[in-house]
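Visitor: I would like a close look at a single part of this protein, with its surroundings explained step by step. Could you take me through it slowly?

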Amino acid sequence: MKGFRLPAEFYLHDVLIVAPELVGKDMIIKLHDGTYGRFMVTEVEAYRGLEDKACHASKGRTVRTEIMFHQGGSLYVYFIYGMYWMLNIVTGQENAPQAVLIRGVQSLPGPGRLTKALGINGSYYGEDLTVSDRVWFEDVGFRPDILTGERIGVDYAGEYWRSRPWRFFI
C-alpha cells in the first residue's frame, strides 16, 4: 500500500511527539538488488537532548553527533560493538539534539539485525529523508495502538534516564 512521504515539518517536532508517530509508518529503502522494500516500523526509542544521559548528545557536540544538532529530518547513523550500525532519525529544531532510534521494523526485530539485513551503514549518516531516493518514511494511514516501555541497553545513564517510558512499540 503506497502512502505519502513524510514532509519536513513532521520531523521538526519534539522527539517525544515524533517517536510514537513513527510507529506504524512505512520505511521505504532501496535494497541491494536495486528494488525498493517497504517495512512497517514496529519499535522505536526516543533520545532527548543534552539533559538525557542516555543520549549521545549529552556529552556535547562531536564529529559523531554533529548531525543531531541540525534540524530534524536527517539520519544519525553510528557503529557500535564493532559490528552493528544503528539507524536514528534526527528530530526537533536546530541546536536541540534529539533522535529516534529505529529498534525494529516488520519481520526485522532488533536495531542491528535490521540495519544488517537492509544494508544500512555509515554512508547513510546525514541522509535527508525529505529528498533521499534510497530511504524515506511514508504514512499509509495505519494508526496502531502504541505500547510504551523503558529504553533498552541504557543502564549506564542511571535509573532515572533508564526508566523513562520512551520506547514505543506495537
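Guide: What follows starts from one strand and then moves outward to the parts around it. Please keep in mind throughout that this is a predicted model.

The part to look at is strand β2, which runs over residues 26-30. This strand is mostly covered, since four of its five residues are buried, and the word buried stands here for a relative accessible area under 20%.

Strand β2 has a partner in strand β3, which spans residues 36-48, and the two pair in the antiparallel sense over five bridges. Together β2 and β3 form a hairpin with five residues between them, and in that turn Gly34 has a positive phi of about 90°. If you look for Ile28 in β2, you will find that its bridge partner in β3 is Arg38.

Strand β2 also pairs with strand β8, residues 135-139, again in the antiparallel sense, here over four bridges. The residue of β8 that stands opposite Ile28 is Trp136, so that Ile28 can serve as a point of reference for both pairings, with Arg38 in β3 and Trp136 in β8.

Charged side chains come next. By the rule used for salt bridges, the count comes to 15. Salt bridges that share partners join Lys2, Asp26, Arg38 and Glu138 into one network, and Arg38 is the residue already met as the bridge partner of Ile28.

Further along β3 there is another salt bridge, in which the side chains of Asp14 and Arg48 meet at 3.0 Å, taken from N to O. Asp14 lies in the loop between α1 (8-11) and α2 (15-22) while Arg48 belongs to strand β3, so this pair ties together parts that are 34 residues apart in sequence. Arg48 has 27% relative accessibility and therefore counts as partly exposed.

A further pair is Glu127 and Arg134, whose side chains meet in a salt bridge of 2.9 Å, N to O. Glu127 counts as buried because its relative accessible area is 15%, whereas Arg134, with a relative accessible area of 21%, is partly exposed. Asp155 and Arg162 form a salt bridge too, with their closest N and O atoms 3.6 Å apart; Asp155 is exposed at a relative accessible area of 60%, and Arg162 counts as buried at 19% relative accessibility.

Strand β3 also leads to the nonpolar side chains. In soluble globular proteins, nonpolar side chains tend to be buried together. The largest nonpolar core of this model has 48 residues, and those that touch the most other members are Leu22, Val44, Ile102 and Phe137. Leaving aside residues up to four places away in sequence, Val44 touches a set of residues that includes Ala19, Leu22, Val23, Ile102, Trp166 and Phe168, and Arg103 and Arg167 are among its contacts as well.

For contrast, you can turn to the surface, where Tyr81, Met83 and Tyr84 make a nonpolar patch of about 370 Å². Tyr84 lies in strand β5, residues 84-91, and with a relative accessible area of 31% this residue is partly exposed.

Lastly, two loop residues deserve a look for their backbone angles. Asn95, in the loop between β5 and β6 (98-105), has a phi near 65°, a positive value in a residue other than glycine. Ser107, placed in the loop between β6 and β7 (108-109), likewise has a positive phi, of about 70°, although it is not a glycine.

Key:
Residues are numbered from 1 along each chain as its sequence is written. This is a predicted model: local features need pLDDT of at least 70, side-chain atom pairs count only at pLDDT 80 or more; totals for chains, interfaces and linings use all residues. Side-chain values use heavy atoms; hydrogens and water are left out. A nonpolar core is a set of buried Ala, Val, Leu, Ile, Met, Phe, Trp, Tyr and Cys residues joined through side-chain atoms within 4.5 Å. Buried means under 20% relative accessible area, exposed over 50%, partly exposed in between (1.4 Å probe, protein chains only). Contact means heavy atoms within 4.5 Å. Patches are made of residues with over 30% relative accessible area and no salt bridge: like charges are joined within 9 Å, nonpolar side chains (Val, Leu, Ile, Met, Phe, Trp, Tyr) within 5 Å. Accessible areas come from the Shrake-Rupley method with a 1.4 Å probe; for residues, only the protein chains shown count as cover. A salt bridge is a side-chain nitrogen of Lys or Arg within 4 Å of a carboxyl oxygen of Asp or Glu. Two strands pair if DSSP finds at least two bridges between them.
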